[in-house]
Amino acid sequence: MLPCKKKIRRPSSEAPCWGVLIPGLPNDIATNCLARVPRWHHPVLSAVSKPIRSLLSSPHFFNTRSLSNLSENLIYLTIPLENPFENPIKLFAHHPKSNLLRLAPMPPCPRSMPTLHYSAYAALGPKIYAISVGDPISGSKQVWIFDCRFRTWERGPDMLFPQFLVRAVVFDGKIYAFGQTGMTPNPGADFLQVFDPVIGYWEIIPGPPDIEMTCFTRCVVVGDTICCFWRHGGLVFYPRTRTWETLPSELIQYKNHLLFGMCEIDGVLYRFDGNGRMFGCDERNREWKEIPGVMDHLVGFNYSTATELVNRGGRVFLMWKGDNKGKTTFRCAEIEVEKTEGGELLGKVHWADELVSFPFGLCLGQLIPISF
């Protein structure tokens with residue numbers, strides 16, 4: 001009697017069979033060719049055939065891009081919209097040759113998801129974590145995850161305590177969520193919750209006992225520290241030693257940083273004021289200096305203009321909001337900063353343009369840089 005043949009399972013890394021991707025080419029070669037097409041062209045590419053459309057939304061395709069070092073630096077923007085079921089996360093698309101700008105459509109949020117209007121966002125790999133989803137008054141411990149590859153939502157691990165006024169950053173592959181819980185008399189006891197995706201759990205790191213939560217504005221990663229800004233002060237957190245210190249006064253000696261975003265690139269912290277002037281602060285000398293070559297190329301700034309900026313492949317990606325003629329207009333620009341031999345910073349605006357207009361009153365959300 002012949003022994004039964006065991007069914008051979010195909011390894012998960014092997015490409016699934018979608019049919020013929022490109023006539024005359026083996027599918028593995030065709031996949032490598034299609035992986036080199038920029039994401040800007042994927043909507044058109046997906047309309048070519050059903051096999052290609054299936055490939056573009058498959059884990060195998062994104063794994064091929066990653067292994068071939070073909071990941072792209074993308075920017076996602078959150079916009080607090082009136083419709084609670086409309087996805088507030090929008091993909092910013094910029095065509096590098098024509099400088100054409102647009103917001104790519106996103107699928108709606110699940111009906112079971114609470115409002116995302118007051119959530120904080122942080123990105124790990126190709127996934128965006130929406131933190132403190134729900135009640136803006138008493139806070140929330142819900143976490144939802146948006147997978148940018150497949151444009152799908154799922155519930156994430158809940159925080160240990162509800163938080164509100166949350167600001168979140170990523171450092172060394174972990175999410176650091178700073179905010180108020182109101183669960184203890186000491187506001188510093190549960191000010192910081194940290195999520196480790198490797199173990200899938202949150203933990204609490206106690207903060208200083210005398211934290212003043214009034215006008216907590218934002219957090220920024222600067223070198224090996226996380227700087228937390230208040231209207232009139234701030235804290236510096238050292239993640240590796242889990243220690244705190246007072247934010248140096250040199251970093252907070254400017255008005256209205258409630259509205260103005262900041263980002264760090266190669267040891268320099270950048271920000272804008274309401275007139276469109278760009279400033280840089282080297283973390284070594286801690287002195288804010290205006291960066292020439294930028295302001296004349298930006299329009300629509302006023303004293304109350306809100307700005308957000310992030311590091312996009314070593315350049316400053318800036319977005320700012322302007323209200324005009326009953327509409328809210330979002331504009332954006334990409335700026336490269338060079339350091340001279342004397343240590344001075346010079347700015348060069350590669351492009352600047354209007355992105356989109358909305359009904360008057362919409363707030364500027366958060367910029368989320370992602371690479372996949």
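## A long hairpin

Strand S22 (residues 327-339) pairs with strand S23 (residues 345-359) in the antiparallel sense, over 13 bridges. This pairing belongs to a predicted model. One bridge joins Val337 to Gly347 in S23.

The two strands, S22 and S23, make a hairpin with five residues between them. Gly343 sits in the turn and has a positive phi of about 90°.

## Overall make-up

The protein has 24 strands and four helices. Of its 372 residues, 48% are buried. Its accessible surface comes to about 19000 Å². Carbon and sulfur atoms account for 53% of that surface.

Contacts across the sequence were also counted. Among those with a separation of 6 or more, 49% join residues 24 or more positions apart.

## Two nonpolar cores

In soluble globular proteins, nonpolar side chains tend to be buried together. Here the largest nonpolar core holds 31 residues. Tyr76, Leu116, Ile128, Trp153 and Ile370 have the most contacts inside this core. Helix H3 (residues 50-56) supplies the largest share, three residues. Another core, of 19 residues, lies apart from the largest one. Its members include Cys263, Val294, Leu345 and Val349.

What does Tyr76 touch, once neighbours within four places in sequence are left aside? One group of its contacts runs through Ile89, Lys90, Leu91 and Phe92. Another takes in Gln366, Leu367, Ile368, Ile370 and Phe372. Ile128 and Cys148 complete the list.

## Around strand S6

Asp147 is found in strand S6 (residues 143-147). Is Asp147 buried or exposed? Its relative accessible area is 7%, under the 20% cut-off, so Asp147 counts as buried. Leaving aside neighbours within four places in sequence, Asp147 is in contact with Pro126, Lys127 and Thr152.

Arg151 lies in the loop between S6 and strand S7 (152-155). Its phi is near 55°, a positive value in a residue other than glycine. With a relative accessible area of 39%, Arg151 is partly exposed.

## A second arginine with positive phi

Arg242 is placed in the loop between strand S14 (234-238) and strand S15 (243-246). Phi of Arg242 is positive, near 55°, and the residue is not glycine. Why does Arg242 count as partly exposed? Its relative accessibility is 40%, and partly exposed covers the range between under 20% and over 50%, so Arg242 falls in that class.

Methods. Residues are numbered from 1 along each chain as its sequence is written. This is a predicted model: local features need pLDDT of at least 70, side-chain atom pairs count only at pLDDT 80 or more; totals for chains, interfaces and linings use all residues. Side-chain values use heavy atoms; hydrogens and water are left out. A nonpolar core is a set of buried Ala, Val, Leu, Ile, Met, Phe, Trp, Tyr and Cys residues joined through side-chain atoms within 4.5 Å. Buried means under 20% relative accessible area, exposed over 50%, partly exposed in between (1.4 Å probe, protein chains only). Contact means heavy atoms within 4.5 Å. Two strands pair if DSSP finds at least two bridges between them. Accessible areas come from the Shrake-Rupley method with a 1.4 Å probe; for residues, only the protein chains shown count as cover.
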